[in-house]
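Visitor: I am new to this structure and would like to take a close look at a single part. Please show me the whole before we begin.

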Protein chains: 2
Amino acid sequence: MYGAEVEKILKGKGISIGDNVKVKWRNSAFEGQLMPRPDVGDENVIVLKMKNGYNTGFKTLEIELIEKQKTTEKPSKTETKSNLPQISIIATGGTISSKVDYKTGGVHMLMNAEEIISTAPQLKNFVSIKKILNPFTIGSEDISFREWTKLAEITAKQANESEGVVILHGTDTMHYTSSALSFMLTNLSKPVVLVGAQRSQDRPSRDGVMNLTCASIFSTSNHAGVSIVMHGTSNDDYCIAIPGTKARKMHTSRRDAFRPINAKPRAFIFPDGRVEFKDEVKKRSSEEVKADTSYNPKVGLIKVHPGSNPEIIDFFISKNYKGLIIEGTGLGHVPTQTLKKEDSWIDWIKKASKEMIVGITSQCIYGRTNPNVYSNLRLLNKTGAIHCEDMLSETALIKLSFLLGHDYERKEIEKKMLENTAGEINKRITISEFLN
Amino acid sequence: MYGAEVEKILKGKGISIGDNVKVKWRNSAFEGQLMPRPDVGDENVIVLKMKNGYNTGFKTLEIELIEKQKTTEKPSKTETKSNLPQISIIATGGTISSKVDYKTGGVHMLMNAEEIISTAPQLKNFVSIKKILNPFTIGSEDISFREWTKLAEITAKQANESEGVVILHGTDTMHYTSSALSFMLTNLSKPVVLVGAQRSQDRPSRDGVMNLTCASIFSTSNHAGVSIVMHGTSNDDYCIAIPGTKARKMHTSRRDAFRPINAKPRAFIFPDGRVEFKDEVKKRSSEEVKADTSYNPKVGLIKVHPGSNPEIIDFFISKNYKGLIIEGTGLGHVPTQTLKKEDSWIDWIKKASKEMIVGITSQCIYGRTNPNVYSNLRLLNKTGAIHCEDMLSETALIKLSFLLGHDYERKEIEKKMLENTAGEINKRITISEFLN
């Protein structure tokens, strides 16, 4: 709530939070969406979210004119509120589901529908929130298989009871979680959308509101699958939906940090409600979603480099690991015909392959591994290691954990590692899918 | 050499290898650069390199017209051959310095000036090759500190005796080598250019010729520093020069796989000889280049992930490692307040920090680490680990090895890790430096 005087002016003009308004201030006109008063905001300063994505405050005393703008963009759904599709929201922690409390300095969780809607008033135009759950509250750097198991179970249940599920998540490992859910949710017949924020709610460049709006819109669209929905560009123009097994956080701080790797974005989603699909999608259905949460946590990851010590393989053998992903160089190389014989990884990978399944990915990130081009690659191929096609290291790690949690024979797991089951392998990468 | 009959026709028209020619074939006209006859080529089929970068063969019997085109692009340097800048070429192996011999199936090294020039006839318009050296021949996946030491010494000597040095290198670890040379070459007053090829010489989409041409051109330009020169786009339009400490191979197979990370490209280089600088560069001078090849190979790299086992730290402690780079998530996180206490990395990093220097980078690749945003980051900061600004993990690894090879006190190394010495830290990353 703004101050009493401001609220009176707004009421007199028929303006509510979320409306597009025009103000005239110091001989210039400004247009933007009226935001709720920030926690630490002056009660006499109204805040507009401008088209460029930034919030700007205007002292009401200095404003000459404030008037409501026609919102041609807004669909008439506001009138048919009761018919809006019902979605479930699962809050797990992270920047998106928190705001900084300036009085205590602590982080305050947004736990109920009202609080979340108050940060994103547009939401009420598109969805009706059936349920908000909060199974745990952690920064995503602390998430792991135990949380994924719980999350998969809750998500399956919610997917069966609503039109779609939106999961609020910290961004650090959101792509690991989206991979885990992609494998764990079987028979997935609804949209499951992970969404986060790169900037906290109190910053002018905050992205959580638009991300949440777009994620909610996408969770009601006609498709089925796990996606990450985040800013498509560094502006507030649209969000992209990225397939859960093909997403990666590619920047520490930018709002458009999440990118599709070796895949097209699934869709562009505009905050006015439009969804433009950019790739083929599975259509939604009424099939019952199930959670298959078996996994084996004994899967390791090694990134090789010049001079890297292959003896580290013994660490994983001694700890009884059952799987290992090695991030090789280029097409999937490891140091092979090195000057000093003890620097070669070949004999060590042979040894590891006897105890566990070894998958090779590429630290290039983009592109496909290929075990047949060079003689060193053919040597590596003979060790029993599997080159994991165009799979991300992160996705390969989780897929291998998932497969090893099941009662499959070794040969079956090796075969399944190279079969596309949840969008993780793309047989036809096109030229536009690089750095996009 | 083509067949006698073809050579006679070419001679009659005054056409030599490397000339732009026009042919008329089946009622269509084609223009391209006359290439030397491929090893396995029909002696009666002339090969033109078309504008799109692909080689096309034409049976001379079927050609109606072949004529030489005016080459407006070509500078008049061909006339002043003796005044061309002298460069040194160092061949280390990799796709660029080899060609497949179809008769034996083996790989044939291009060891002398004539052979290299014959693959890139344009070269003679721009440079005079003073010396070609071949200190070792390996795939770049097998390179390590021992080779870098040798390479730095040879490069320093050649830089002092010529206008610039071009190093032919396999692409897998070319960015590790460019980092190593950036730190090891002190007083660097000349251009040192690493160049490779993503496609072998016998493929229509071969990129080595244009890369080598552009690398040679760039090695004669007015700047000093270590760069990687490779295709700027997937077409044959121009190459980019990337600062040696800010380069990364970002695709397993594309010709434009090498990209600048958190930095601008140093220059665009066109195969007609033009160099457009895109960032400030140090100018060349006559200062004596020196090689400082001290290093400590006992530096490890760990990429953390959900469920990653921090006990691996003990492996590096037991092997007497002196440095460790941890690729964290997001702004530089590690699993901290995990559900199971034994999954937390904090106490382990504290333990490691007592024995060695621990640097934290980000697996996001782009962007800067920041130890002060979230409470988990502040906990990590207290362990003694250093967040390595916007440095690439690969660069941080090599920088730490280099610093640990010198007689510095611990505090001095920690301080130097956060100081920019060879372009490895960029204080002002601009918005265009993402996925570029």
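Is A:Asn320 buried or exposed, and what can you tell me about the helices on either side of this topic?

Guide: A word on conventions comes before the answer. Residues are numbered from 1 along each chain as its sequence is written, while chains are lettered from A and ligands numbered from 1 in the order in which they are written. This is a predicted model, in which local features need pLDDT of at least 70 and side-chain atom pairs count only at pLDDT 80 or more, whereas totals for chains, interfaces and linings use all residues.

A:Asn320 is exposed, because 9 other C-beta atoms lie within 10 Å; a residue is called exposed at 12 or fewer such neighbours, buried at 20 or more and partly exposed in between, with C-beta atoms placed from the backbone. The loop that holds A:Asn320 runs between helix 6 and strand 21 (323–328) of chain A, where helices are DSSP runs of H or I with at least four residues and strands are runs of E with at least two, numbered from the N terminus. Although A:Asn320 is not a glycine, its phi is positive, at about 65°.

A:Asn262 also has a positive phi, near 55°, and is likewise a residue other than glycine. A:Asn262 lies in the loop between strand 16 (258–260) and strand 17 (267–269) of chain A, and it counts as buried because it has 25 C-beta neighbours inside 10 Å.

Helix 6, which precedes the loop of A:Asn320, leads on to the contact between the chains, taking 57 residues from chain A and 57 residues from chain B, where two residues are in contact if their C-beta atoms, placed from the backbone, lie within 7 Å. Helix 6 (312–318) is among the elements that give two or more residues to the side of chain A that touches chain B, together with helix 3 (145–161), strand 20 (299–303) and helix 9 (393–404). Helix 3 of chain A gives the most to that side, with three residues.

Helix 9 of chain A also packs against helix 4 (residues 174–184) of chain A at an angle of about 35°, with their axes 9 Å apart; these axes are lines fitted to C-alpha atoms over the stretch in contact, and angles run from 0 to 180 degrees between N-to-C directions. Among the residues that meet there are A:Phe183 and A:Met184 in helix 4 and A:Ile398 and A:Phe402 in helix 9.
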